[in-house]
Amino acid sequence: MRCARLVNTLFPRLLLLCGLGCGFCAQASDWPQFLGPIRNGVYAGADLAAAWPKDGPAVVWRRPVGQGFSGPVVSKGKLILFHRIGNKEMIESLDAGTGKSFWTNGYPTAYRDDFGFDEGPRATPAISENRVYTFGAEGVLSCFDLATGTNVWTVNTKREFHAPKGFFGPACSPLVEGNAVLMIIGGKAGFGIAAFDKATGKVLWKATDDEAGYASPVAATLHGRRTALLLTRSELVASDPVTGNIFFRFPFEPPIHSSVTAATPLVMDDKIFLSASYDTGAVLLKVNPDMKGVEKIWAGEYILSNHYATSVYHDGFLYGLHGRTDPGMETPTLRCVEVNTGKVRWKKDFAAATITLAGDELLVLSERGELLRAPASSDGFNPKARAQILSSQVRAHPALADGRLYARSKDTMVCVNLANQ
């Protein structure tokens, strides 16, 4: 891949965006939280091979895992796996290079899925400095010591803030920003969104009475101000991550009750892309310089409606999955959309998948466990290579760190080497 040129030009900007107010100090090629270092699905490393071997990238290790849609995270050579084994939600630290377990910890869970789906945790952990933060399927927010696995603090949001179960249980991946852990809780009495002290778990601030959807928060610097963006079931809330003061809100709610809003807001300079399925569609917003509102650039239901996987952005174009990925629904399509106009440049029938951007290439991991690499091009989707790395039922977002891709299915985790040999 032609990563070096891109990293040399963009990585200083990534460091600025990531470092100002960020709750972690990740190495360049770490993947310490959901969707990577700045939650945009972009790998900043320059160490990936230009081509894969004929039989596909080498498998470094493979191991069984428990239930869950929680993706792996990696920092400083350690991988955190959050899964359910029996009647416990387990947090496990592994050697990222070998898969060997360093420590495990866990707590009881009685979560039952009303629709017969997986009953493990949905949210991806976050690693910040020497701590690990998890959010379980029953709303248990926890902090663990990264070195030892010792539980530092726990907040039961269901019990303390009366957060409802929703359709599929809580799914917000914790965001560490400065000294706070930012969460979309959906609780009562003003606990729609909240910030917790990352050292103690104490509530720092709360805001809104919004129900939670299935999206996770993201932080960005907009017009010189550090801003937390939290997409609830009914709206986008932009707030000061330190005080909780709200800069602006933008309504964004599916027209039907039985719906899921899961894609994380995607920030591109002073623009924000929101997308959801269930007759919702997408919208591109431009944040006003005074931070008191937004201008709608374009919107539409049939442009790029993400079901659960967040799109990625590259050189003026969005790449993502359009349409519901439920069985029996109309086949979703993989699409390229011109960001400034909303024009669909190409589309291709595709199953459910997640997308990671590495340099100027897309790494697409399908629900069936096939990994494809293709140029991020507005001219069309033309995979250069593909490899079957897992069996079916792959829904968790993967991690890409130190040239290795970590991905999991319903029962297996695999580490494949994408780096230069």
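This report describes aromatic pairs, strand pairing, buried residues and backbone angles in a predicted model.

**Aromatic rings**

A pair of aromatic rings is described by the distance of the centres and the angle of the planes. The count of aromatic pairs in this model comes to 13. One of them joins Tyr133 and Trp153, whose ring centres lie 6.1 Å apart with the planes at 50 degrees; because planes under 30 degrees apart would count as stacked and those over 60 as edge-to-face, this pair is classed as tilted. Tyr133 belongs to strand β8 (residues 131–135) and Trp153 to strand β10 (residues 151–156), and with their positions 20 residues apart in sequence the pair links distant parts of the chain. Tyr133 and Trp153 are both buried.

A second tilted pair is formed by Phe273 and Trp298, with 6.2 Å from centre to centre and 50 degrees between the planes. Phe273 lies in strand β20 (residues 271–276) and Trp298 in strand β22 (residues 294–300), so this pair ties together parts of the chain that are 25 residues apart in sequence. Phe273 counts as buried at a relative accessibility of 3%, and Trp298 likewise counts as buried, at 8%.

Elsewhere, Phe115, Phe117, Phe167, Phe168 and Tyr214 form one aromatic cluster. The ring of Phe102 has a charged neighbour, since the charged end of Lys78 sits over it at 5.9 Å from the ring centre.

**An open sheet and two hairpins**

An open sheet is built from four strands in the order β23-β24-β25-β26, with antiparallel pairing. Its edge strands, each of which pairs on one side only, are β23 (312–314) and β26 (344–349). From one strand to the next, the twist averages 20 degrees. Within this sheet, strand β24 (residues 317–322) pairs with strand β25 (residues 333–338) in the antiparallel sense over six bridges, and Phe317 has Glu338 in β25 as its bridge partner.

Further along the chain, strand β32 (residues 404–408) has four of its five residues buried, so β32 is largely enclosed by the rest of the structure. Strand β31 (residues 399–401) pairs with β32 in the antiparallel sense over three bridges, and here Leu400 is matched with Leu405 of β32 as its bridge partner. The hairpin of β31 and β32 has two residues between the strands, and in it Asp402 takes a positive phi near 50 degrees. Strand β32 also pairs in the antiparallel sense with strand β33 (residues 412–417), in this case over five bridges, with Ala407 having Val414 in β33 as its bridge partner. The hairpin formed by β32 and β33 has three residues between its strands.

**Buried positions and cysteines**

Ser239, in strand β17 (residues 235–239), is buried with a relative accessible area of 0%. Leaving aside residues up to four places away in sequence, Ser239 touches Trp205, Arg226, Thr227, Ala228, Leu230, Gly244, Asn245, Ile246 and Phe247. Gln388, by contrast, is 149 residues from Ser239 in sequence and 42 Å from it in space, taken from C-alpha to C-alpha.

A disulfide is a covalent bond between the sulfur atoms of two cysteines. In this model the count of disulfides comes to zero. Cys336 counts as buried at a relative accessibility of 0%, and Cys415 is also buried, with a relative accessible area of 0%.

**Positive phi outside glycine**

Glu129 is found in the loop between β7 (126–128) and β8, the strand that holds Tyr133. Thr208, for its part, lies in the loop between β14 (203–207) and β15 (218–222). The table sets out the backbone angle and the accessibility of Glu129 and Thr208.

| Residue | Phi | Relative accessibility | Class |
|---|---|---|---|
| Glu129 | near 55 degrees | 46% | partly exposed |
| Thr208 | about 70 degrees | 10% | buried |

Both entries can be placed against the cut-offs: because buried means under 20% relative accessible area and exposed means over 50%, Glu129 at 46% counts as partly exposed, whereas Thr208 at 10% is buried.

Key: Residues are numbered from 1 along each chain as its sequence is written. This is a predicted model: local features need pLDDT of at least 70, side-chain atom pairs count only at pLDDT 80 or more; totals for chains, interfaces and linings use all residues. Side-chain values use heavy atoms; hydrogens and water are left out. Rings of Phe, Tyr and Trp (its six-membered ring) pair if their centres lie within 6.5 Å; planes under 30 degrees apart count as stacked, over 60 as edge-to-face and the rest as tilted. Buried means under 20% relative accessible area, exposed over 50%, partly exposed in between (1.4 Å probe, protein chains only). A charge sits over a ring if NZ of Lys or CZ of Arg is within 6 Å of the ring centre and within 35 degrees of the ring normal. Two strands pair if DSSP finds at least two bridges between them. Axes are lines fitted to C-alpha atoms, for helices over the stretch in contact, and angles run from 0 to 180 degrees between N-to-C directions. Contact means heavy atoms within 4.5 Å. A disulfide is a pair of cysteine sulfur atoms within 2.5 Å.
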